[in-house]
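Hello,

Here is the structure I said I would pass on. My notes on what was found in it follow below.

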Amino acid sequence: MAEVFGDTKPQADYLLLTPGRKEIASQIMNRSVRGLRTRYWHDGNTSVWIMEEIGKELPITIGVVINDNRIQQVKILAFRESRGWEVRYPSFTAQYAGVKITEDFHLDTHIDGITGATLSVRAVTKVAALALYYHQQAFQKPE
């Protein structure tokens, strides 16, 4: 958080996972999404989402920073698998900078994979798309 917000203390908040949001989140993740809410931190138009997704067998903890509906940074916070660890490198995660989500909830930019780390790359990409969707939902203007 200090890396993103500096000395400013971000506000912790929750996004309620309504049935409609869960349905779209499940499409993005290609699996059932559970829970009643998800936690995030924000200041102004910047939000931070910390989520976990299974690589091959174990969870990968991923932090996604979003500013004005575009990814500012993706960072692997904890990697527990024996393979696919290359996704931790900034040379891989830098590909996500500036990416936004399309109307059909996919990333608008192609992310290059890593040989031998296909499942880890997919996990990071799905979490990035989900964080963008959640950010949109959290920051949408009421009609």
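**S26 and helix α2**

S26 is a residue of helix α2. Please keep in mind throughout that this is a predicted model. A polar atom of the S26 side chain lies 3.1 Å from the backbone nitrogen of V33. If residues up to four places away in sequence are left out, S26 touches R31, S32 and V33.

Helix α2 covers residues 19–29, and its buried residues are R21, I24, A25, S26, I28 and M29. These buried residues pack against β1 (11–16), β3 (46–54) and α4 (118–139). The residue that follows α2 is N30, and its phi is positive, near 60°.

**Aromatic rings**

Searching the whole structure gives seven aromatic pairs. One of them joins W49 and Y134, with 5.7 Å from centre to centre and 45° between the planes, and this pair is tilted. Because W49 belongs to strand β3 and Y134 to helix α4, the pair ties together parts that are 85 residues apart in sequence.

Are these two residues buried or exposed? W49 has a relative accessibility of 0%, so W49 counts as buried, the cut-off being under 20%. Y134 is buried too, at a relative accessible area of 2%.

Y134 also pairs with Y133: the ring centres are 6.0 Å apart and the planes are at 45°, so this pair is tilted. Y133 has a relative accessible area of 3% and is therefore buried. Ring pairs link Y133, Y134 and W49 with Y40, F105 and F139 into a cluster.

There is also a charge to note beside a ring. The charged end of R37 sits over the ring of Y14, at 4.1 Å from the ring centre.

**The largest pocket**

The largest pocket holds about 220 Å³ of space. Which residues line the largest pocket? They are Q27, I28, N30, D104, F105, H106, L107, T125, K126 and A129. The elements that give two or more residues to this lining are α2 and α4. Helix α4 gives the most, with three residues.

Some of these residues have come up already. I28 is one of the buried residues of α2, N30 is the residue that follows α2, and F105 is part of the ring cluster.

**Two residues of helix α4**

K126, which helps to line the pocket, lies in helix α4. Its relative accessibility is 23%, so K126 counts as partly exposed. Leaving aside neighbours within four places in sequence, K126 is in contact with I28, M29 and E53. Of these contacts, I28 and M29 are among the buried residues of α2. From K126 to P90 the distance is 18 Å, C-alpha to C-alpha, and the two are 36 residues apart in sequence.

R122 is also placed in helix α4. Is R122 buried or exposed? With a relative accessible area of 52%, R122 is exposed, because exposed means over 50%. The C-alpha atoms of R122 and D13 are separated by 27 Å, and these residues are 109 apart along the chain.

**Where to look when you open the model**

For helix α2, begin with the polar atom of the S26 side chain and the backbone nitrogen of V33. For the rings, begin with W49 and Y134. For the pocket, begin with K126, which is one of the lining residues and touches I28.

Regards

Methods
Residues are numbered from 1 along each chain as its sequence is written. This is a predicted model: local features need pLDDT of at least 70, side-chain atom pairs count only at pLDDT 80 or more; totals for chains, interfaces and linings use all residues. Side-chain values use heavy atoms; hydrogens and water are left out. Buried means under 20% relative accessible area, exposed over 50%, partly exposed in between (1.4 Å probe, protein chains only). Helices (H or I, at least four residues) and strands (E, at least two) are DSSP runs, numbered from the N terminus. Contact means heavy atoms within 4.5 Å. Rings of Phe, Tyr and Trp (its six-membered ring) pair if their centres lie within 6.5 Å; planes under 30 degrees apart count as stacked, over 60 as edge-to-face and the rest as tilted. A charge sits over a ring if NZ of Lys or CZ of Arg is within 6 Å of the ring centre and within 35 degrees of the ring normal. A polar contact is a pair of N or O atoms within 3.5 Å; within protein, one must be able to donate a hydrogen and the other to accept it, and residues adjacent in sequence count only if both atoms are side-chain atoms. On a 1 Å grid over the protein atoms alone, a cavity is a set of points where a 1.4 Å probe fits but cannot get out, and a pocket is an open set with protein on both sides within 12 Å along at least five of seven lines; lining residues have an atom within 4 Å of a point. Grid points are joined across faces, edges and corners, and a volume is the space filled by probe spheres set on the points.
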